[in-house]
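Please look over the sequence and the three-dimensional structure below. The paragraphs that follow lead through the structure part by part.

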Amino acid sequence: MNETHLISDLSVETVDTYENAKNVNEKNKKHFHIHTKDKAYSCDLCGKGFSRRGNLATHYRIHTDEKPFSCDVCNKDFSRKSHLNLHYRIHTNDKPYSCLVCHKDFSQKGHLNEHFRTHTGEKPYSCDICHKDFSLRGNLNLHFRTHTGEKPYSCDVCYKDFSSRVELKKHFRTHSKEKPYSCDVCHKDFSRRDDLKIHFRTHSKEKPFSCDV
């Protein structure tokens with residue numbers, strides 16, 4: 001971006017009054033920060049810099065936990081209006097982003113990008129220890145716990161620890177006796193999807209494991 005562009009951009013509006021002059025000057029300063037990468041506003045808690053005062057105010061809610069935007073359907077609160085708008089699609093079932101390959105629809109562009117990797121096979125996230133690759137950052141984070149031994153999710157009943165929320169949820173069914181997976185043939189219920197798959201082989205006669213000897 002050259003200097004001529006900056007000067008012409010900063011002088012396109014006609015100033016009729018002192019108040020207009022103030023408004024134009026403020027708008028010009030905001031625009032100028034985009035080009036210069038100047039970050040005149042700094043967070044006094046973490047030191048992160050911002051080019052606009054409004055962006056600093058939004059960032060500051062990370063520290064204060066302020067969530068001024070509330071969903072009028074479920075009353076969930078959000079720190080950003082854009083996050084509320086994305087959340088609202090859960091209620092409206094609005095899915096404006098569609099996969100060009102399988103035509104599956106998504107409410108967020110980020111979710112579409114993640115899904116698209118199932119078609120491309122792209123795995124941009126790599127483990128620093130064993131170099132295994134993953135298509136989702138969340139899956140990399142879960143995998144990394146196999147190296148660190150971290151188990152941040154604990155059962156409220158028996159206090160057993162788990163590395164993922166999904167594993168904790170599966171385990172909790174041993175206490176609640178919930179069995180959400182049902183056989184379509186004999187209607188027997190199971191607490192785990194894997195157990196249902198194994199059971200189903202009694203009907204399909206499938207024997208996927210073969211002895212090499």
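Helix 8 is followed by Lys 205, a residue whose phi is positive, near 65°. Helices (H or I, at least four residues) and strands (E, at least two) are DSSP runs, numbered from the N terminus. This is a predicted model, in which local features need pLDDT of at least 70 and side-chain atom pairs count only at pLDDT 80 or more, while totals for chains, interfaces and linings use all residues. Residues are numbered from 1 along each chain as its sequence is written, and side-chain values use heavy atoms, with hydrogens and water left out.

Helix 8 itself comprises residues 193-204. From its first C-alpha to its last, this helix of twelve residues reaches 16 Å, close to the 16 Å expected at 1.5 Å a residue; the expected span is 1.5 Å times one less than the number of residues. Arg 201 forms a salt bridge with Glu 206, and their closest N and O atoms are 4.0 Å apart. A salt bridge is defined here as a side-chain nitrogen of Lys or Arg within 4 Å of a carboxyl oxygen of Asp or Glu. Side chains of opposite charge can pair when their charged atoms come close. Arg 201 counts as partly exposed because its relative accessibility is 25%, and Glu 206 is likewise partly exposed, with a relative accessible area of 44%. In these terms, buried means under 20% relative accessible area, exposed means over 50%, and partly exposed lies in between (1.4 Å probe, protein chains only).

Helix 7 covers residues 165-176. Its twelve residues should span 16 Å at 1.5 Å a residue, and the end C-alpha atoms are indeed 16 Å apart, so the two values agree. After helix 7 comes Lys 177, whose phi is positive, near 65°. Which residues of helix 7 are buried? They include Leu 168, His 171 and Arg 173. The cover over the buried residues of this helix includes strand 9 (153-154), strand 10 (161-162) and strand 11 (181-182). Helix 7 also contains a charged pair: Glu 167 forms a salt bridge with Lys 170, with 3.7 Å between the closest N and O atoms. Because Glu 167 and Lys 170 are three residues apart in helix 7, about one helical turn separates them. Glu 167 is partly exposed at 32% relative accessibility, and Lys 170 is partly exposed at 25%.

A record can be set beside these elements. UniProt, in an unreviewed entry, places the feature "domain: C2H2-type" at residues 41-68, 69-96, 97-124, 125-152, 153-180 and 181-208. These positions are given in the numbering used here, feature names are shortened, and annotations may be inferred rather than shown by experiment. In the model, residues 153-180 are 43% helix and 14% strand, with end C-alpha atoms 22 Å apart. Residues 181-208 are 43% helix and 14% strand, and their end C-alpha atoms lie 22 Å apart.

Before strand 9, Gly 149 is found in the loop that follows helix 6 (137-148). Gly 149 is partly exposed, with a relative accessible area of 48%. The C-alpha atoms of Gly 149 and Phe 162 are separated by 9.6 Å, the two residues being 13 apart along the chain.

Earlier in the chain lies helix 5 (residues 109-120), where His 115 is placed. Is His 115 buried or exposed? With a relative accessible area of 15%, His 115 is buried. Leaving aside residues up to four places away in sequence, His 115 touches Cys 99, Cys 102, Lys 104 and Phe 106; such a contact means heavy atoms within 4.5 Å. Arg 117 is also buried, at 15% relative accessible area, and forms a salt bridge with Glu 122, the closest N and O atoms being 3.9 Å apart. Glu 122 is partly exposed, at 41%.

Leu 100 is found in the loop between strand 5 (97-98) and strand 6 (105-106), and it counts as exposed because its relative accessibility is 75%.

The chain as a whole completes the picture. It has eight helices and twelve strands, and 18% of its 213 residues count as buried. Among contacts with a separation of 6 or more, residues 24 or more positions apart account for 3%. The structure holds seven salt bridges.
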